[in-house]
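Visitor: Could you pick one single part and take me in for a close look? I am in my first year, so please explain the terms as you go.

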Amino acid sequence: MMASSIDTTADGPRIVIIGGGPTGLAAGYRLRELGYTNFVLLEARHKVGGLASSETSPNGFIYDIGGHVLFSHYQYFDRLFDKLMGDEYQELLRESWVWMFDRFLPYPFQNNIKFLPKDVVLECLLGLIEAQKEPLDKSRFENFEELILGVFGRGIAKHFMMPYNFKVWAHPPRLMNKEWIGERVATPPIERVLGNVVLDRDDVSWGPNATFKYPRYGGTGELFCRMRPYVEDQLRLCSAVASVDLQHKRVCLRDGRTEPYDVLLSTMPLDILVTSLVGDVPDCVRTQAARLRHSGSYIVGVGIERECPSTKCWMYFPEANCPFYRLTYLSNYSPDVVPDATSQYSILAEISHSVHKPVSRTTVVDDTIQGLVNTRMISEEDRRSIVDAFLIERDYTYPTPSLERDEALSVVQPWLEEQDIYSRGRFGAWRYEVGNMDHSVAQGVEWVNRTLLGDRANELTWLAKRGC
Ligand SMILES: Cc1cc2nc3c(=O)[nH]c(=O)nc-3n(C[C@H](O)[C@H](O)[C@H](O)COP(=O)(O)OP(=O)(O)OC[C@H]3O[C@@H](n4cnc5c(N)ncnc54)[C@H](O)[C@@H]3O)c2cc1C
């Protein structure tokens with residue numbers, strides 16, 4: 001087991017970082033910031049950024065791997081953003097919408113049911129009143145589905161919460177825990193919901209001036225490309241780790257190279273890390289790691305030769321008339337993501353899949369375009385104006401907060417640490433609630449602070465004691 005703090009000179013222990021996504025990059029950045037150079041950063045792909053990178057289609061449209069909206073909880077992250085981006089960013093309104101019953105209502109759904117057909121409004125209200133008859137005690141719910149029904153009632157559950165969450169997570173809510181939710185899902189006070197209906201009041205979850213930042217050039221990925229120069233000396237691209245040899249403390253790359261380590265920081269998916277360990281691994285560690293669940297995504301980017309018909313940013317789609325759960329007008333985030341912003345716009349569609357929700361790869365692009373027509377995002381006629389249709393696929397996009405997750409993590413993570421292996425980041429930690437870009441950067445930075453400065457309490461984000 002590693003000493004509580006290590007020498008910060010180049011003679012200190014050799015650190016190997018697996019993964020050049022936000023977590024690994026931030027760890028490398030922080031090491032360099034502290035003057036530490038005895039490390040190597042191994043990235044499987046030809047570029048950095050991981051799930052927060054951006055891809056350019058052959059027609060020159062830039063797409064992110066799903067809608068990335070930056071919410072920062074950290075001063076360190078804010079300072080880093082400012083340092084890397086200067087004034088080369090856009091500031092956008094943090095507003096979102098739900099499309100259902102052939103109309104838009106402002107998000108959050110439960111506060112804006114007045115926009116729905118009257119019989120649905122009644123169903124939602126009656127369900128909410130029934131659910132809130134008893135004082136709310138979240139501890140009595142066994143899973144996410146019970147929480148949805150117990151907090152929101154049958155109407156809101158049926159029309160929005162259940163179908164929408166299944167679409168996003170690609171897992172039935174009854175298989176998910178409720179611990180990840182924290183304060184994310186606010187209990188809708190019946191007085192407020194009723195008041196909004198009776199008084200015809202619009203109600204959005206954040207204040208009127210809430211904004212978010214987005215890079216002016218290059219999409220979300222630009223932020224992480226700009227971290228690259230700070231770790232260039234230690235960065236090894238096209239270096240996919242195939243296995244980790246516990247006894248000799250070295251990682252073996254797919255191309256046959258090996259890298260010795262004293263301390264390993266892994267940001268690759270935790271279940272894959274455990275299957276790639278060579279050596280004496282207890283059965284319980286292997287079994288628990290195999291219980292972790294996840295979903296993958298198809299991200300469909302569509303470029304259209306027309307002026308953008310809307311100023312909206314992103315929208316949610318709970319209904320079955322389209323395969324996507326969320327659409328983003330990406331060209332509203334920055335004109336730079338389309339070749340000619342004066343005559344073109346772009347849409348980003350997110351479709352999740354898993355063993356519980358298979359999606360056909362061969363038809364997903366066509367099904368998405370049909371979904372755009374069904375939901376009236378584009379007209380039948382607009383089909384002829386589509387000049388780009390680009391598919392991005394990733395097998396690991398959402399670490400599912402499943403019922404088994406916390407028990408599995410409580411077995412796997414401490415055992416890994418005894419081997420001087422630290423698994424962090426969106427799929428390294430496998431905690432969705434601290435898996436956004438700012439959290440991931442914080443996980444990398446806090447891990448370095450802990451490792452170099454020797455204070456476990458420094459890792460508040462990974463311990464899920466900070467975040468959202
Ligand atoms: C659909 C979607 C929407 C999102 N929306 C938002 C949002 O709105 N706001 C927000 O803040 N965040 C959002 N995120 C989350 C954001 O993308 C993550 O926070 C961030 O990318 C996690 O960084 P990471 O470094 O932990 O993991 P990753 O980004 O997954 O990076 C891991 C890196 O490890 C590399 N790797 C994997 N295996 C190996 C191996 N064997 N050898 C070497 N390298 C390997 C990968 O290639 C990758 O580069 C979203 C993510 C998705 C998928």
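Guide: Let us begin with the whole chain and then move in to the ligand and its surroundings.

This is a predicted model, in which local features need pLDDT of at least 70 and side-chain atom pairs count only at pLDDT 80 or more, while totals for chains, interfaces and linings use all residues. Residues are numbered from 1 along each chain as its sequence is written.

The protein chain contains 14 helices and 20 strands. Both are DSSP runs numbered from the N terminus: helices are H or I and at least four residues long, strands are E and at least two. Along the principal axes, the C-alpha atoms of the protein chain fill a box of roughly 70 × 55 × 40 Å. The radius of gyration of the protein chain is 23 Å, which agrees with a compact globule of 468 residues, because such a globule would have a value near 23 Å. That radius is taken over C-alpha atoms, and the globule rule is 2.2 Å times the number of residues to the power 0.38. Of the 468 residues, 45% count as buried. Buried means that 20 or more other C-beta atoms lie within 10 Å of a residue's own; 12 or fewer means exposed, in between is partly exposed, and C-beta atoms are placed from the backbone.

Next come the domains. The protein chain is divided into domain 1 (1–48 + 227–293 + 400–468), domain 2 (50–94 + 206–221 + 294–399) and domain 3 (107–198); such bounds come from an automatic or database domain assignment.

Now to the part I have picked: where does the ligand lie? Domain 1 and domain 2 both give residues to the shell around the ligand, so the ligand lies between them. That shell holds 35 residues, and the closest are Gly19, Gly21, Gly50, Gly66 and Gly425. To count as near the ligand, a residue needs its C-beta atom, placed from the backbone, within 6 Å of it. Three elements give two or more residues to the shell, namely α1 (22–33), α13 (426–429) and α14 (437–453). Sorted by class, the shell around the ligand has 14 nonpolar, 16 polar and five charged residues. Here Ala, Val, Leu, Ile, Met, Phe, Trp, Tyr, Cys and Pro are nonpolar, Asp, Glu, Lys and Arg are charged, and the others, Gly among them, are polar.

Let us also look at how the two domains on either side of the ligand meet. The centres of domain 1 and domain 2, taken over C-alpha atoms, are 29 Å apart. Their contact takes 25 residues from domain 1 and 19 residues from domain 2, where two residues are in contact if their C-beta atoms, placed from the backbone, lie within 7 Å. On the side of domain 1 that touches domain 2, α13 and α14 are the elements that give two or more residues. The one that gives the most is α14, with five residues. By class, this side of domain 1 has 12 nonpolar, seven polar and six charged residues.

One pair of helices is worth finding again on your screen. Both α13 and α14 give two or more residues to the shell around the ligand, and both also do so for the side of domain 1 that touches domain 2.
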